[in-house]
Amino acid sequence: MFEQVLFYAFSGLVLFAAVMVITVKNPVHAALCLVLAFFSSSGLWLLLEAEFLAIALVLVYVGAVMVLFLFVVMMLDINIAELREGFASYVPVAVLVAAAMLALLSTIVGHVNFGVDSIQGVVAHASDYSNTKALGMSMYTDFIWPFEIASVILLVAIVAAITLTLRKSRQTKSANPSNQVAVKSSDRVRLVKVPSEPQE
């Protein structure tokens, strides 16, 4: 009974945070709602006895990825008003894509593998069982190609974020290091001889 209450509580938090991510106007508030969604998802993984995934989600995504995302959002200086212009015209396409994704997820996951019944059907392992070892063996044997593809996608995302950060902007005032090194003292300092006043 207590596990069901925790499951529905964490699930409700995940849904609430996900809706807030796409509805709030401030991108920083959206990132904080995404952090709440990550914490709630880690709670669901703890209920499934996947402690390594729960800790990795909090450490990697909340502690590193979200901090990087916040830095990128603040450094890009995005004009939210311009982005929201014509937003309503994309709603039908967004609804179709969301419905297609929901249909695919329901066929892949389903109620058998995701729900209260799945938590109740979890088999308790021995005390020396390591889900980290089992996850590593499965990741680097059965799912090696999806793992490598995801790594390449993350690398491309990092390069794209760095490229967007280093773009020239009128509002960003940055110094050119090559011009600073090439400066000579004669260009910046002018010695002026002032005649001394006669002593009385």
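## Ser 40 and its contacts

Ser 40 sits in helix α2. This is a predicted model. The relative accessibility of Ser 40 is 1%, so the residue counts as buried; the cut-off for buried is under 20%. Leaving aside residues up to four places away in sequence, Ser 40 touches Phe 10, Leu 13 and Val 14.

One of these partners, Leu 13, belongs to helix α1, which covers residues 2-23. Leu 13 and Ser 40 lie 27 residues apart in sequence. In space, their C-alpha atoms are 6.2 Å apart. Is Leu 13 buried or exposed? Neither label fits: Leu 13 is partly exposed, because its relative accessible area is 34% and that class runs between 20% and 50%.

## Fold and surface

The chain has 11 helices and zero strands. Along the sequence, the pattern reads α-α-α-α-α-α-α-α-α-α-α. The chain holds 200 residues, and buried ones make up 15% of them. Ser 40 is one of the residues that count as buried.

Which share of the contacts with a separation of 6 or more comes from residues 24 or more positions apart? That share is 69%. The pair Leu 13 and Ser 40, at 27 residues apart, has such a separation. The accessible surface of the chain comes to about 16400 Å². Carbon and sulfur atoms own 69% of that surface.

## The largest pocket

The largest pocket has a volume of about 860 Å³. Its lining counts 28 residues. Closest to the centre are Val 60, Tyr 61, Val 65, Ala 150 and Leu 154. Four elements give two or more residues each to the lining: α2 (27-47), α3 (51-76), α8 (131-139) and α9 (144-165). Helix α2 is also the place of Ser 40.

Which helix gives the most to this lining? It is α3, with 13 residues. By class, the lining divides into 26 nonpolar residues, two polar and no charged.

## Helix α5

Helix α5 covers residues 91-108 and has 18 residues. How many of them are buried? The count is zero, and α5 is hardly covered.

The length of α5 can be checked against the expected rise. At 1.5 Å a residue, the helix should span 26 Å, because the expected span takes 1.5 Å times one less than the number of residues. The end C-alpha atoms of α5 are 26 Å apart, so the model agrees with that expectation.

Terms used: Residues are numbered from 1 along each chain as its sequence is written. This is a predicted model: local features need pLDDT of at least 70, side-chain atom pairs count only at pLDDT 80 or more; totals for chains, interfaces and linings use all residues. Side-chain values use heavy atoms; hydrogens and water are left out. On a 1 Å grid over the protein atoms alone, a cavity is a set of points where a 1.4 Å probe fits but cannot get out, and a pocket is an open set with protein on both sides within 12 Å along at least five of seven lines; lining residues have an atom within 4 Å of a point. Grid points are joined across faces, edges and corners, and a volume is the space filled by probe spheres set on the points. Ala, Val, Leu, Ile, Met, Phe, Trp, Tyr, Cys and Pro count as nonpolar, Asp, Glu, Lys and Arg as charged, and the others, Gly among them, as polar. Buried means under 20% relative accessible area, exposed over 50%, partly exposed in between (1.4 Å probe, protein chains only). Contact means heavy atoms within 4.5 Å. Accessible areas come from the Shrake-Rupley method with a 1.4 Å probe; for residues, only the protein chains shown count as cover.
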